[in-house]
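I opened the notebook today to look up how the ligand is held, and I begin with its polar contacts before turning to the pocket.

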Amino acid sequence: MKRVDVSISYCEYDGTEGLSDIDKKLIDKAVDTASKAYAPYSGFHVGAALLLENGEIVLGSNQENSAYPSGLCAERTAIFYANSSFPDVAIDTIVILAEKNSLILEDIVTPCGACRQVILESEIRQKSDIRVLLASKSKVLVFNSIKQLLPFSFDGDLLNR
Ligand code: THU
């Protein structure tokens, strides 16, 4: 037996200083979008802002349902809309953040497993990485690919073997 360690890498910013203007704009849009979430059951408002390679910005917020599993996370709301409306346009960046009681959280929101899998599918489909920005009130984490957040992901190539 041998022990194997897996490491991930990301950049951590204190606030938005040092980020590009477009990243700052995406964070502002995600904040605005989180306030439009339909989350009467959890009170947890998540906003996702996508930058597409054609410059288009696509937004999504979580949409809950009294039959809980019928709801959808902010990330998938945004990605499925982007892939439906612009099927041939790659996603460059996704910003994810959450608000509670109308305040952006002190804590980073890390995407759920299902959303990581969906972001990965977009990377595979478009054959390029997607930058993932996780923002909180005082920190922004920047990952150069969802693969950093999903080691040992399911390999769809297995389906063809
Ligand atoms: N939620 C998201 O929108 N994105 C995530 O990555 C995690 C969770 C939503 C789903 C649900 O509406 C609420 O947050 C509480 O789980």
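**Ligand and pocket**

I started with Asn62, where a polar side-chain atom lies 2.9 Å from an oxygen atom of the ligand; I note that the model is a predicted one. I then looked up Glu64, and found that one of its polar side-chain atoms lies 2.5 Å from an oxygen atom of the ligand. At Ala74 I had to turn to the backbone, since a polar backbone atom of that residue is 2.9 Å from a ligand oxygen atom. For the cover, I read that the ligand has 370 Å² of accessible area on its own, and that the protein covers 76% of this.

Next I listed the residues around the ligand, which are Ser42, Phe44, Val46, Asn62, Glu64, Cys73, Ala74, Glu75, Pro111 and Cys112. Sorted by class, this shell has six nonpolar, two polar and two charged residues.

Where does the ligand sit? I found it in the largest pocket, which holds about 270 Å³ of space. I recorded 18 residues lining the largest pocket, with Val46, Asn62, Glu64, Leu72 and Cys73 lying nearest its centre. By class, I entered ten nonpolar, six polar and two charged residues for the lining of the largest pocket.

Key:
Residues numbered from 1 in each chain as written. Predicted model: local features only at pLDDT ≥ 70, side-chain atom pairs only at ≥ 80, totals over all residues. Heavy atoms only, no water. Near = heavy atom within 4 Å. Polar contact = N/O pair within 3.5 Å; in protein donor to acceptor, adjacent residues only side chain to side chain. Areas by Shrake-Rupley, 256 points an atom, 1.4 Å probe, with all protein chains shown as cover. 1 Å grid on protein atoms, 1.4 Å probe; cavity = no way out; pocket = protein on both sides within 12 Å on 5 of 7 lines; lining within 4 Å. Sits in = over half its atoms within 2 Å of the grid points. Nonpolar A, V, L, I, M, F, W, Y, C, P; charged D, E, K, R; others polar. Points joined across faces, edges and corners; volume = space filled by probe spheres on them.
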